[in-house]
Amino acid sequence: MMKVKEITAILEEIHGVSLMEDTVDGIKYGDENAVVTGIMVSCCASVEVLQKAVEEGCNLIIVHEPVFYTHKDQYSWEDPRSAYQQKLKILRENHITVYRDHDQIHMQKPDGISYGIMKELGWEDYLVSPVNNELEFTHILYQIPKTTVRELAGFLKQKMNLKTIRVIGNLDAGIEKVMFCGHILPVAADTYEEHEFTDVIQNNEADVLIPGELIDWTTASGVRDAGQLGLNKAIMEVGHFNSEELGMKYFARLLKQEVPVDLPVVFVPAADMYQYI
């Protein structure tokens, strides 16, 4: 039998990084001394994920994203009708512990999320840059065998378990250079992030961008124009959670190798949060 704190110690060994003082990681609900009956790994502890954990007999859930709707899981909503209070009730009644693994897995060398995505896609041989141990989530370029935007979208839908993908650009363009680029989010006017990936497209450094988040009036606008001009440029917007979930799927495989054989480790996708009507 293993306790929660013994499992979290294994996480630190896998990542090679200890918890920092100022981190969002750690137990967000539950007891570090609880005996673990099963482990569920997901990108986000949605209510559906909690319900699946109960069904599978998993009382430890390891997730990448916030549990309680703010980056540091700071919360104070007392209304019993709130999603927060009802989620707490599920956790409390089923004696579930939730551990957030965000900073450590990104600080791992190479970045555990980015590396996991690469492994799950089978793109190890296509990595262009970076080519060393500094693989980070901010921008990773692959040169894949030539395909079309439409075909790549179909491949990603299958691998990422998506209902759909939002695409900007020329669907029938022949493409090879694909960049995962974290978040295209300008914090203020003339910030570096705002222009960095616009430069990538305009300078022909990549054919396709796959961002975690996207805004419409910078890089996306340039890609739309490129598509209307018949150029081989596109953006595939899959969503923040979806863009990182393969990293957690791969991490679940690593964790399974490090815990006793009789302790279940189950990966469950948080899945696409959007409904399409």
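This is a short chat about the sheets, helices and cysteines of a predicted model.

Q: Let's start with the sheet that has 6 strands. What order do they come in?
A: The order is 5-6-8-9-10-7. The sheet is open, and its pairing is mixed.

Q: Which strands stand at the edges?
A: Strand 5 (127–129) and strand 7 (166–169). Each has a single partner strand, so one side of each has no neighbour in the sheet.

Q: How much is the twist there?
A: It averages 25° from one strand to the next.

Q: Which helices pack on that sheet?
A: Helix 6 (residues 149–160) is one of them. Helix 6 touches strand 6, strand 7, strand 8, strand 9 (208–210) and strand 10 (234–237). Its direction makes about 115° with that of strand 6. Helix 8 (residues 219–228) packs on the sheet too. Helix 8 touches strand 7, strand 9 and strand 10. Its direction makes about 65° with that of strand 7.

Q: Back to the strands. How many bridges join strand 6 to strand 8?
A: There are 6 bridges. Strand 6 covers residues 140–148 and strand 8 covers residues 174–180. The two run antiparallel.

Q: Which residue in strand 8 is the bridge partner of Gln 143?
A: Lys 177. Thr 147 also has a bridge partner in strand 8, namely Ile 175.

Q: And how do strand 5 and strand 6 pair, parallel or antiparallel?
A: Antiparallel, over 2 bridges. Leu 127 has Tyr 142 in strand 6 as its bridge partner.

Q: Where do side chains point in a strand, generally?
A: In a regular strand they alternate between the two faces of the sheet.

Q: Now the sheet with 5 strands. What's its order?
A: The order is 1-4-3-2-11. This sheet is open, with mixed pairing.

Q: Which strands are at its edges?
A: Strand 1 (26–29) and strand 11 (265–267). Each has a single partner strand, so one side of each is left without a neighbour in the sheet. On average, neighbouring strands here are turned by 25° against each other, direction ignored.

Q: How does strand 1 pair with strand 4?
A: They pair in the antiparallel sense, over 3 bridges. Strand 4 covers residues 97–100. Ile 27 stands opposite Tyr 99 in strand 4.

Q: What does helix 2 touch on this sheet?
A: Helix 2 (residues 47–56) touches strand 2 (39–41) and strand 3 (60–63). Its direction makes about 150° with that of strand 2.

Q: New topic. At what angle do helix 1 and helix 9 cross?
A: Roughly 115°. The axes of helix 1 (residues 4–15) and helix 9 (residues 240–258) come within 11 Å. The crossing is right-handed.

Q: Which residues meet there?
A: From helix 1, Ile 10, Leu 11, Ile 14 and His 15. From helix 9, Phe 251, Leu 254, Leu 255 and Glu 258. The contact divides into 6 nonpolar, 1 polar and 1 charged.

Q: Last one: cysteines. What is a disulfide, and how many are there?
A: A disulfide is a covalent bond between the sulfur atoms of two cysteines. The count here is 0.

Q: Why no bond for Cys 58?
A: The closest cysteine sulfur is in Cys 44, 17 Å away, so it is too far for a bond. The cut-off is 2.5 Å. Cys 58 is buried, with a relative accessible area of 3%.

Q: And why none for Cys 181?
A: Because the closest cysteine sulfur, in Cys 43, is 17 Å from its own sulfur, too far for a bond.

Q: Is Cys 181 buried or exposed?
A: Buried, with a relative accessible area of 1%.

Note on methods. Residues are numbered from 1 along each chain as its sequence is written. This is a predicted model: local features need pLDDT of at least 70, side-chain atom pairs count only at pLDDT 80 or more; totals for chains, interfaces and linings use all residues. Side-chain values use heavy atoms; hydrogens and water are left out. Buried means under 20% relative accessible area, exposed over 50%, partly exposed in between (1.4 Å probe, protein chains only). Two strands pair if DSSP finds at least two bridges between them. Helices (H or I, at least four residues) and strands (E, at least two) are DSSP runs, numbered from the N terminus. Axes are lines fitted to C-alpha atoms, for helices over the stretch in contact, and angles run from 0 to 180 degrees between N-to-C directions. Contact means heavy atoms within 4.5 Å. A crossing is left-handed if the near helix is turned anticlockwise from the far one by less than a right angle, and right-handed if clockwise. Ala, Val, Leu, Ile, Met, Phe, Trp, Tyr, Cys and Pro count as nonpolar, Asp, Glu, Lys and Arg as charged, and the others, Gly among them, as polar.
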